[in-house]
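Here are a few short exercises on charged side chains, each with a worked solution. Have your viewer ready and try each task before reading on.

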Amino acid sequence: MEEERTPAAAHEGSAGIPARLHQTLPDRLLLLPLRARPFFPAQTMPIVLDEAAWGPTLERVHAEPQHLVGLVLVDGDADAVPAPERFHTMGAVVRVHNLMRAEGKIQFIAEGLHRCRITGWLSRTPPFVAQVDYPQPPTENVREVRAYAQAIIAKIRELLPLNPFYKENLRAYLERFNPDEASPLADFAAALTSASREELQQVLEAVPLLRRMEKVMLLVQHELEVASLQSEIRQKVEERVSERQREFFLKEQLKEIQQQLGIQKDDKALEIERFRDRLEHLVVPDDASRRIEDEMRKLSLLDTSSPEYGVTRNYLDVLTGLPWGVYSEDRLDLKHARAVLDRDHEGLADVKQRIVEFLAVGALKGEIAGSILLFVGPPGVGKTSIGRSIADALGRRFYRFSVGGMRDEAEIKGHRRTYVGAMPGKFVQAIREAKTANPVVLLDEIDKIGKSYQGDPASALLEVLDPEQNAGFLDHYLDVRFDLSKVLFICTANQPDTIPRALLDRMEMIRLAGYLSEEKIAIAKKHLWPKQRDKAGLKPGQARIDTAALRAIIENYAREAGVRNLEKQLSRITRKIALRVVEHPRAKVSVKSGDLAELLGPPPFRRKVPTVEIGVVTGLAWTPLGGATLDVEATLVHSKNRGFKVTGQLGGVMKESAEIAHSYIAAHLQEFGADAAFFDQAFVHLHVPEGATPKDGPSAGVTMATALLSLARRQRVKAGIAMTGELTLTGRVLAVGGIREKLVAAKRAGVKRAILPGANRGDYDELPEHVKRGLKVDFADRYVEIVRIVFP
């Protein structure tokens, strides 16, 4: 049986145009570009273009009797006039109707007639003119075409209920075409979809009908899936909204019925009842109780939609949320306190003893109240963690906040309720969160508190940290007094110099000087290494580190007074071990001192060997990061004239110390066994390395004098000696501060003998034995005593 075939005219007759039209379509066409999507012969729709660019083209089209123009999809920038190369080859010839202009745009109704194909360009600039032909589809199998057409019609029927937009397009299509015409049906179905411009252009360029209908069938199927999903989502949302509305109305009806029957109270009554329930177990002072009752009466009269209602409700929430009269019972067991401190901290025996003594006084009194402790020390020595350990030892709640950089007094004493978003101060927040009126409150970085036009927070702290005043602390937000006298306040600082004197007088200062190498090793073994190993997800058998490696890290990578940098270095090591374990699951890594260069890189510190040269003397210095040793160097520049120069970023006090040392040594050269005329024609340069580090303070006076005397005598000082002390013009050696930090630094640097002012003998006697051990200390009240020691 022969296949039944349909001629081309039955299809593209094409898009329902009379056959005679094919003979009248011109072989030259003016062209207009389309950006969004191509135009199909089966379409009739408005087109809007820029009048400045395409107005002349449409004027020429309008002047011609047939009003024909080609619409072709172009690529490229939407604002630019496209080059001919940007035009696709296949487009659609349309008839222009109802040409209108408005606000710089030109609009017309385009009636699609036929596919057109560009075969050549007659004008490559606007108005574009091209040589075109009109491709005719080949003869196709009628049955296959009819089957595809019915399948497409079935899909369109499925689409119609999902979106009203499809019905409007179908109505416009049926006004022009017979639904049995396959070619316009395929074009109409493609135009109906939201497919991409490239996919639609492929359909337009598919002239054979069966191939075109295959592409259209895929696009329609995809469109049906998307539309079904959108419809399903929309239906679910509508159902959810309807269900919520139904629940809302039912709840409102139920609430109204319950209120009528007296079963349930409204939200306002529930709030007031909740506040009263809170107060049942509290011991509220009379003035606060009266204020609460007044505010509750006020709340009961206010409408819930009133702004004042929210302010009053929040105020009552804070007032009734405070632990009025609620105190935790102190555990004043000194043995337990020692155990907690030893568990959490290694070393610091003198600091622990001071804390235990402090707790012992509380044990005799039966309470710890009216006390403010100040821990002063370099970063990383455990100031904050000691505060937490004290809270654990006492069995109290712990609250910490940092006052570093705080510039607003309201953060301490709260905002007045006249301001929008007013809040109570930090201390009221601490009490409220701790849920007891006697927590341990730690104020971190109190030496870095700020000051601005908004007030002076340090001055606001005076009332809080004064045991004679804080029993009636008045927060601006509360506007009623709260007793803070049972709170144990602990403050931390790196240096006390920047703390206001009036505030410092209210505190009991405890200094934490730092850790020796042996103490750091013990801390690393017991606390830091297990912590970092667990943090990296390593098992004890997978990562080990020996004592020699820890000592090398401490001396060459983490030489500061605290252990924070030591912990960072151990964290770096555990991360590298973790990488090896992941790559080799059975690996077991044991870190030796020889592995550190590979794991941590070159050491930033080298073991400093005290310099033994003429004019060079080792001094002891104090810094906010702990103690340090520094070499003071003196040299003779020339002997042409008398002169004295100092360098090393020295502060004003240190420059004066250098001048005093120079004057004193020059006046006593003969007494000290040097040439009495040495400085008469000597230009001397005194330098204190490192030059990039600012330095100041009076404690380098004896060190500078000894360097100058060594230069004048042309004699080295004894090896392994370091010194500190302020020198006067009469040769007296005055007391200096930071003795513990300086001696710890001396031991760290390998110094065997230290010279201290005689007035610091008491400070030395208070030092723990492990700091004194291995270091010979001499005391000098006058400089001549130092000379006898360093110049035998």
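**Exercise 1.** Is Glu85 buried or exposed?

*Solution.* Keep in mind that this is a predicted model. Step one: the relative accessible area of Glu85 comes to 59%. Step two: the cut-off for exposed is over 50%, so Glu85 counts as exposed.

**Exercise 2.** Find the salt bridge between Glu85 and Arg124, and place both residues in the chain.

*Solution.* Begin with the contact: the two side chains meet at 2.5 Å, N to O. Next, locate the partners: Glu85 sits in the loop between β4 (68-73) and β5, while Arg124 belongs to the loop between β6 (105-123) and β7 (128-133). The pair is 39 residues apart and links distant parts of the chain. Finally, check Arg124, which is partly exposed at 44% relative accessible area.

**Exercise 3.** Which residues are linked in a network of salt bridges with Arg101?

*Solution.* The network joins Arg101 with Glu51 and Glu59. Take the Arg101 and Glu59 bridge, with an N to O distance of 3.0 Å. Arg101 is in strand β5 (residues 90-102) and Glu59 in helix α2 (residues 51-63), 42 residues apart. Now the accessibility: Arg101 is partly exposed at 41%, and Glu59 is partly exposed at 46%.

**Exercise 4.** Work out which helices the Asp392 and Arg343 pair ties together.

*Solution.* In this salt bridge the closest N and O atoms are 3.9 Å apart, which falls within the 4 Å cut-off. Asp392 lies in helix α13 (residues 383-394) and Arg343 in helix α11 (residues 334-344), so the bridge ties together parts 49 residues apart in sequence. Asp392 is partly exposed, at 40%.

Terms used:
Residues are numbered from 1 along each chain as its sequence is written. This is a predicted model: local features need pLDDT of at least 70, side-chain atom pairs count only at pLDDT 80 or more; totals for chains, interfaces and linings use all residues. Side-chain values use heavy atoms; hydrogens and water are left out. Helices (H or I, at least four residues) and strands (E, at least two) are DSSP runs, numbered from the N terminus. Buried means under 20% relative accessible area, exposed over 50%, partly exposed in between (1.4 Å probe, protein chains only).
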